[in-house]
Amino acid sequence: MADWKVGLFSCFGDFKLCLFTWCCPCVVTGRMAEAIEMDTCFMGGCKIFIPCYNIWYMKQMRDAIAKKSSIADEGIMGWVSVCCLGLCSIIQETKELGLDPMAKAMGEQTIERV
């Protein structure tokens with residue numbers, strides 16, 4: 001079984017992602033849900049605002065990402081990371097998937113020259 005690409009406490013390694021996740025966790029969560037085909041981006045982002053359900057949803061997403069990456073079951077530590085270190089957990093999962101949730105959110109567009 002593999003390990004996570006980055007540790008749970010290495011969330012400050014990518015400061016832009018850390019700041020973006022802190023300001024807009026719904027966008028990052030939505031992009032992850034869409035990437036693992038668990039939900040649409042909009043619904044994945046909205047579900048983190050539902051009390052109690054959001055913790056269960058984030059744990060299900062973490063388990064799906066771990067299974068996709070062949071990471072061993074974390075047991076109770078998976079719940080601890082989601083409940084107590086939620087933003088660090090989101091960043092760790094985003095790094096595991098290799099996502100750049102800021103690309104579309106920051107309006108990365110191509111400009112056509114005429």
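**View 1. Helix α4 from end to end.** Helix α4 has 16 residues and reaches 22 Å from its first C-alpha to its last, close to the 22 Å expected at 1.5 Å a residue. Please keep in mind, here and in the views that follow, that this is a predicted model. Just past the helix, look for S70: this residue follows α4 and has a positive phi, near 60°.

**View 2. The buried residues of α4.** Which residues of α4 are buried? They are Y57, M58, K59, M61, R62, I65 and A66. As you trace them, a general point may help: an α-helix has 3.6 residues a turn, so residues three or four places apart point the same way. What covers the buried residues of α4 includes α2 (25–35), α3 (41–46), α5 and α6 (86–97). The next two views take up α2 and α5 in turn.

**View 3. Helix α2 against helix α4.** Here α2 and α4 pack with their axes 11 Å apart, at an angle of about 45°. The two helices are therefore oblique to each other, and α2 passes α4 in a left-handed crossing. On the α2 side, the residues to find are T29, M32, A33 and A35; on the α4 side, they meet Y57, M58, M61, I65 and K68. Sorted by class, this contact has 7 nonpolar, 1 polar and 1 charged residues. You have already come across Y57, M58, M61 and I65 among the buried residues of α4.

**View 4. Helix α4 against helix α5.** How do α4 and α5 cross, and at what angle? The axes of α4 (residues 53–68) and α5 (residues 76–84) come within 10 Å and cross at roughly 130°. That makes α4 and α5 oblique to each other, and α4 passes α5 in a right-handed crossing. From α4, the residues I55, W56, M58, K59 and R62 meet G78, W79, S81, V82 and C83 of α5. By class, the contact of α4 with α5 has 6 nonpolar, 2 polar and 2 charged residues. M58 is worth a second look: this residue of α4 meets α5 here, and M58 is also listed where α2 meets α4.

**View 5. S89 and its surroundings.** Our last stop is S89, which lies in helix α6. Is S89 buried or exposed? With a relative accessibility of 1%, S89 counts as buried, because buried means under 20%. Leaving aside residues up to four places away in sequence, S89 touches L8, R62, S81 and V82. Three of these names may be familiar: R62 in α4 and S81 and V82 in α5 belong to the contact between those helices.

Definitions and conventions: Residues numbered from 1 in each chain as written. Predicted model: local features only at pLDDT ≥ 70, side-chain atom pairs only at ≥ 80, totals over all residues. Heavy atoms only, no water. Axes fitted to C-alpha atoms, helices over the stretch in contact; angles between N-to-C directions. Helix = DSSP H or I, 4+ residues; strand = E, 2+ residues; numbered from the N terminus. Parallel < 35°, antiparallel > 145°, perpendicular 65-115°, else oblique. Left-handed = near helix turned anticlockwise from the far one by under 90°. Contact = heavy atoms within 4.5 Å. Nonpolar A, V, L, I, M, F, W, Y, C, P; charged D, E, K, R; others polar. Expected span 1.5 Å × (residues − 1). Buried < 20%, exposed > 50% of the residue type's maximum accessible area, 1.4 Å probe, protein only.
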